Amino acid sequence: MLLRILALACRLLPLALANVEFDSGLEDADGLFPVTGDELVQEGGTVTLRCTVQENDNSSLQWSNPAQQTLFFDDKKALRDNRIALVFYSRHELAISISNMTLRDEGDYTCSIFTMPVRTAVAKVVVLAAPKKPEISGYIGPIAEGRTITLMCNTSGSKPLPTIRWFKGSEEMEGQTYESDPTDQRAYALSNVVNLTVWREDNGAVIKCAVNHRALQHNVYTARQRIEVHYSPIVEIRASKEVPEEGEEFMLRCHGRGNPEPSYFNWLRYNGELSERAVVRHENLSFTYLNKTDAGVYQCVAKNIIGTGARNYSLRVHGELAPPPTLMAHTLGTDCDTSQGRQSLAGRPLLLHLSVCLSTVLTPSPSAASPISHKRTHPSLSPFSSLLVFPSPPPAQPHPSSPSPLSQPPLPSSTAPLPP
């Protein structure tokens, strides 16, 4: 019976209050004015509403929602809503809680004390709706170097509006924000667009979209997109030796760093053609035997689906032209004599060099005139003058005062017999 009376009172109370003068602007001279405060709550959270008075002349306290529906009248629950509960009640305070708050619960909640006139206080409740995790759209695959792509970061369901920021690595980029119509006039959808011109340095870069919102407190929602950039090859040439020498093997290797990797290589020579000793195998240029004529400027060309890269290499061949491997003299029947001993060269093949010949031809005694003695050290003799066969000078007569040839010291090691 009591519940029926209370329910009837709750139905009639809004009609009665419509004819009652509310006083929310009087000074609280008698301590009967209610006091409350605004509240901020996240969607799905719980809010606690407190209303206090310093003095009370046994007047009733009441909480009502933005639709002016009575929630609690003193300690009596007036609205059938399982989310609403009594937290505390006394003649000086009425505190209630509302759980699982939604955006529709946002608004002005009124605390009233039924004095004459009725005094009220308003608590403004703001419900924060956290944004959904963002998504990045607009990337469809590898981009050629120098092209511009448009990326869009989308998020929805937030209240109030969030903040969207773009980053490439640690570098922040500036985007343009587009606001969509709020869902049910409460939650918002937001998009942010950034235009990015990519270069080869951006290959593998991570583009990040970051969403900040009050409901997230210190957390940040992020979305990431790794991008791939296609670019033409950068060519580098590496030589097998720093100082190429004539007569040696030599190789140039062409390294092409591109995305994708080069699929075609070619070698060219400026102002001429590759010699017969030059062999091209894919990215390698090899010389089986370097010659002075191989010196020049060579170019490696590398290609992929994006473009072509090239690099030049200047080849300088060091060293003199190599002499023929051997110069063989035919069988000689001539002996080379000296005043100190005799070296028999008859019957042997011999490589004759000027220095060897001059060291093996025996010098006649000072008293014997030799028509070739002045030629042995003449600076104008050519390297091939060693091929000349000089006649043996007549035997020198020993000087009476000079020792016997048999008592002479042995020939120095530089005049030792040549190996066969």
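Colleague: How much of the contact count, taken over pairs with a separation of 6 or more, comes from residues 24 or more positions apart?
Modeller: That share is 62%. Keep in mind that this is a predicted model. A pair goes into the tally when heavy atoms lie within 4.5 Å.

Colleague: What helices and strands does the protein have?
Modeller: Two helices and 28 strands.

Colleague: Which strands form the open sheet, and in what order?
Modeller: The order is S12-S20-S21-S24-S23, with mixed pairing. Strand S12 (143-144) and strand S23 (278-281) are the edge strands, since each pairs on one side only.

Colleague: How do you know that strand S20 and strand S21 pair?
Modeller: Pairing takes at least two bridges. Residues 229-239 of S20 and residues 250-259 of S21 share seven bridges, in the antiparallel sense. The count of seven meets the cut-off of at least two, so they pair. If you want one bridge to click on, take arginine 238, whose partner in S21 is arginine 253.

Colleague: Why is aspartate 74 with arginine 91 called a salt bridge?
Modeller: The cut-off is a Lys or Arg side-chain nitrogen within 4 Å of an Asp or Glu carboxyl oxygen. Here the closest N and O atoms are 4.0 Å apart, so the pair counts under that limit of 4 Å. Aspartate 74 sits in the loop between S5 and strand S6 (76-77), while arginine 91 is in the loop between strand S7 (84-90) and S8, 17 residues apart.

Colleague: And what are the two partners, buried or exposed or in between?
Modeller: Buried means under 20% relative accessible area, and partly exposed runs from there up to 50%. Aspartate 74 has 11%, so it is buried. Arginine 91 has 31%, so it counts as partly exposed.

Colleague: What makes lysine 168 and aspartate 202 a salt bridge?
Modeller: Their closest N and O atoms are 3.2 Å apart, and the limit is 4 Å. Lysine 168 belongs to strand S14 (residues 163-168) and aspartate 202 to the loop between strand S17 (188-197) and strand S18 (206-212), so the bridge ties together parts that are 34 residues apart in sequence.

Colleague: Which class does lysine 168 fall into, buried or exposed?
Modeller: Its relative accessible area is 19%, and buried means under 20%, so lysine 168 is buried. Aspartate 202, at 8%, is buried too.

Colleague: How do you know that arginine 277 and aspartate 294 form a salt bridge?
Modeller: Again by distance: the closest N and O atoms are 2.9 Å apart, against the 4 Å limit. Arginine 277 is in the loop between strand S22 (264-269) and S23, and aspartate 294 is in the loop between strand S24 (284-287) and strand S25 (296-303), so parts 17 residues apart in sequence are tied together. Arginine 277 is partly exposed at 24% relative accessibility. Aspartate 294, at 0%, counts as buried. Elsewhere, Asp81, Arg83 and Asp105 are joined into one network by salt bridges that share partners. The structure holds 13 salt bridges.

Colleague: Why is the aromatic pair of phenylalanine 73 and phenylalanine 114 called tilted?
Modeller: Under 30 degrees would be stacked and over 60 edge-to-face. The planes here make 55°, so the pair is tilted, at 5.7 Å centre to centre. Phenylalanine 73 lies in strand S5 and phenylalanine 114 in the loop between S9 and S10, so parts 41 residues apart in sequence are tied together. Phenylalanine 73 is partly exposed at 23%, and phenylalanine 114 is partly exposed at 21%.

Colleague: What makes phenylalanine 250 and phenylalanine 287 an aromatic pair?
Modeller: Ring centres must lie within 6.5 Å, and theirs are 6.4 Å apart, so they pair; with 35° between the planes, the pair is tilted. It ties S21 to S24 across 37 residues of sequence. Both phenylalanine 250 and phenylalanine 287 are buried, and with Tyr298 they form one aromatic cluster.

Colleague: Which residues have the most contacts inside the largest nonpolar core?
Modeller: Leu49, Trp63, Leu71, Ile96, Ile98, Met101 and Tyr109, in a core of 23 residues. Strands S3, S4, S5, S8, S9 and S10 each supply at least two of its residues. A second, separate core has 19 residues, including Ile136 and Cys209.

Note on methods:
Residues numbered from 1 in each chain as written. Predicted model: local features only at pLDDT ≥ 70, side-chain atom pairs only at ≥ 80, totals over all residues. Heavy atoms only, no water. Helix = DSSP H or I, 4+ residues; strand = E, 2+ residues; numbered from the N terminus. Core = buried A, V, L, I, M, F, W, Y, C linked by side-chain atoms within 4.5 Å. Buried < 20%, exposed > 50% of the residue type's maximum accessible area, 1.4 Å probe, protein only. Phe/Tyr/Trp six-rings, centres within 6.5 Å; stacked < 30°, edge-to-face > 60°.
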